[in-house]
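Please work through the exercises below with the sequence and the three-dimensional view open beside you. Try each task before you read its solution.

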Amino acid sequence: MTDQIPRYTLDGVTDAEVSVHPFSTQDGLGLNLTRFRRAECDDVVLLVHGLTSSSDLFIMPEQRNLVSYLLDNGFTDVWALDFRMSNRFPYDCETHRYTLDDIADWDHPAAVRELRRHIGDRRVHVVAHCLGSLSFMMSLFGGRLPDIASVTCNSVALTPRVPAWSRLKLRYGPPLFEYLFGISFLDPRFSRSPRLTRDWALGHLVSLAHRECDVSACHMLSFMWGSGHPAMYEHDNLLPVTHERMADLCSACGLYYDRHIAKMVRAGHAVKYDPGDRRHRDLPDDYLANAAKVTTPILLLTGDRNRVFTDSNIVCHEVLSKITPDRNELEVLPGYGHLDPIIGKDAHVDVFPRICHFLKRQAV
């Protein structure tokens, strides 16, 4: 069934002019923005994916996707970013030592500069997911992104919290896999590797612990992210075809980012990975240090069954409300987990209207 939907297809968005806008980062990576335009619009929306995924999350052809929903509801100029975490690029399957500071300092500012080159000084609203949300908020609160009209963060923002099992994986997983097993990235397709290889063995070992479905990629994604059966979403919230092609939507990822997330989890909020790294000397060591200066309205979304970042956005709302009262909003989504607020079959009914309502209130 998954062969019916090609990877990296744009077929999920109709009646829009589509254009691709490449740009580069300070450290020499080529990234992309994809524009979906129906008409001129004073309020432009930028969509940002998370780790292991890509802009494909927002343009899925099997259902009413977020790009089409926004286009149909008055936001007729929508852009989707593919930054260095995107599975449309090879970067996450290469040996690297990237941190979220690299993304906050280099990817998001470069993306917004390229965006501004085409749209001028029109209002920019951002809807971001997972580590795309966390890194974008780091860039915003680090003073690297002026003039953002609003930000909507799904699952996590500036106070990452994870289940106990995830804390163990974050702390011990990277050195265990990199130095003991010689594995520098994890791939939901590991069970398709040649028989008796390390990757094949890991994929099948993980599946032994996951009897909730028969999709091995779903099992690996639960192992890679969060704690649960499954961890990333509620099965009932996905169409069968979406569930079967999860390895296309959420692909391989390197392990080094886990070290930075682990440090933030221990600290209780977003912090710089290496305060001595002079490449990022303009970023704060503590990303909440200048929170009182940030005037951008923020909507924090989280499913009440979030088994990846648990109550991270609930805590973030509490923290930010003490610093900047009445500037930030929280929406808890009943029956949803981590990723299904974006890719769920009924997200256009349960979630997207909440996002759109927030955007329209900021479009003044």
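The exercises that follow deal with a predicted model, and they move from salt bridges to cavities and then to pockets.

**Exercise 1. Which parts of the chain does the salt bridge between D248 and R189 tie together, and are its two residues buried or exposed?**

Step 1. Begin with the contact itself: the side chains of D248 and R189 meet in a salt bridge, with 2.3 Å from N to O.
Step 2. Next, place both residues in the fold: D248 belongs to helix α8, residues 246–249, while R189 sits in the loop between β7 and α5, so the pair ties together parts that are 59 residues apart in sequence.
Step 3. Finally, apply the cut-off, by which buried means under 20% relative accessible area. D248 has 13% relative accessibility and therefore counts as buried, and R189, at 17%, counts as buried too.

**Exercise 2. Where in the chain do D56 and R88 lie, and is each of them buried or partly exposed?**

Step 1. D56 and R88 form a salt bridge in which the closest N and O atoms are 2.7 Å apart.
Step 2. The pair links distant parts of the chain, since D56 is in the loop between β3 and α1 and R88 is in the loop between β4 and α2, 32 residues apart.
Step 3. With a relative accessible area of 7%, D56 is buried, whereas R88, with 26%, is partly exposed.

**Exercise 3. Which residues line the largest cavity, and how do they divide by class?**

Step 1. The structure holds 2 cavities of 30 Å³ or more, and about 70 Å³ of space lies in the largest cavity.
Step 2. The lining of this cavity consists of I5, P6, R7, Y8, T9, D56, I59, M60, P61, R245, D248 and L249. Both D56 and D248 from the salt bridges above are therefore found in this lining.
Step 3. Sorted by class, the lining residues are 7 nonpolar, 1 polar and 4 charged.
Step 4. For contrast, take the second largest cavity, whose volume is about 50 Å³: its lining has 7 nonpolar residues, 4 polar and no charged ones.

**Exercise 4. Which helix supplies the largest share of the lining of the largest pocket?**

Step 1. The largest pocket contains about 350 Å³ of space, and of the 24 residues that line it, K169, L170, F223, M224 and D258 are the closest to its centre.
Step 2. Four elements, α4, α6, β8 and α9, each supply at least two residues of this lining.
Step 3. The largest share comes from α4, which gives 10 residues.
Step 4. By class, the lining of the largest pocket has 18 nonpolar, 4 polar and 2 charged residues.

**Exercise 5. Which residues lie closest to the centre of the second largest pocket, and which helix gives the most to its lining?**

Step 1. The second largest pocket has a volume of about 160 Å³. Of the 13 residues that line this pocket, W165, V206, A209, H210 and F223 are the closest to its centre.
Step 2. Helices α4, α5 and α6 each supply at least two lining residues, and α5 gives the most, with 3.
Step 3. The lining of the second largest pocket divides into 6 nonpolar, 6 polar and 1 charged residue.
Step 4. W165 also belongs to a nonpolar surface patch with L168 and Y172, which together have about 350 Å² of accessible area. Within this patch, Y172 lies in helix α4 and, at 48% relative accessibility, counts as partly exposed.

Definitions and conventions
Residues numbered from 1 in each chain as written. Predicted model: local features only at pLDDT ≥ 70, side-chain atom pairs only at ≥ 80, totals over all residues. Heavy atoms only, no water. 1 Å grid on protein atoms, 1.4 Å probe; cavity = no way out; pocket = protein on both sides within 12 Å on 5 of 7 lines; lining within 4 Å. Points joined across faces, edges and corners; volume = space filled by probe spheres on them. Nonpolar A, V, L, I, M, F, W, Y, C, P; charged D, E, K, R; others polar. Patch = residues over 30% accessible without salt bridge, like charges linked within 9 Å, V, L, I, M, F, W, Y side chains within 5 Å. Areas by Shrake-Rupley, 256 points an atom, 1.4 Å probe, with all protein chains shown as cover. Salt bridge = Lys/Arg side-chain N within 4 Å of Asp/Glu carboxyl O. Buried < 20%, exposed > 50% of the residue type's maximum accessible area, 1.4 Å probe, protein only.
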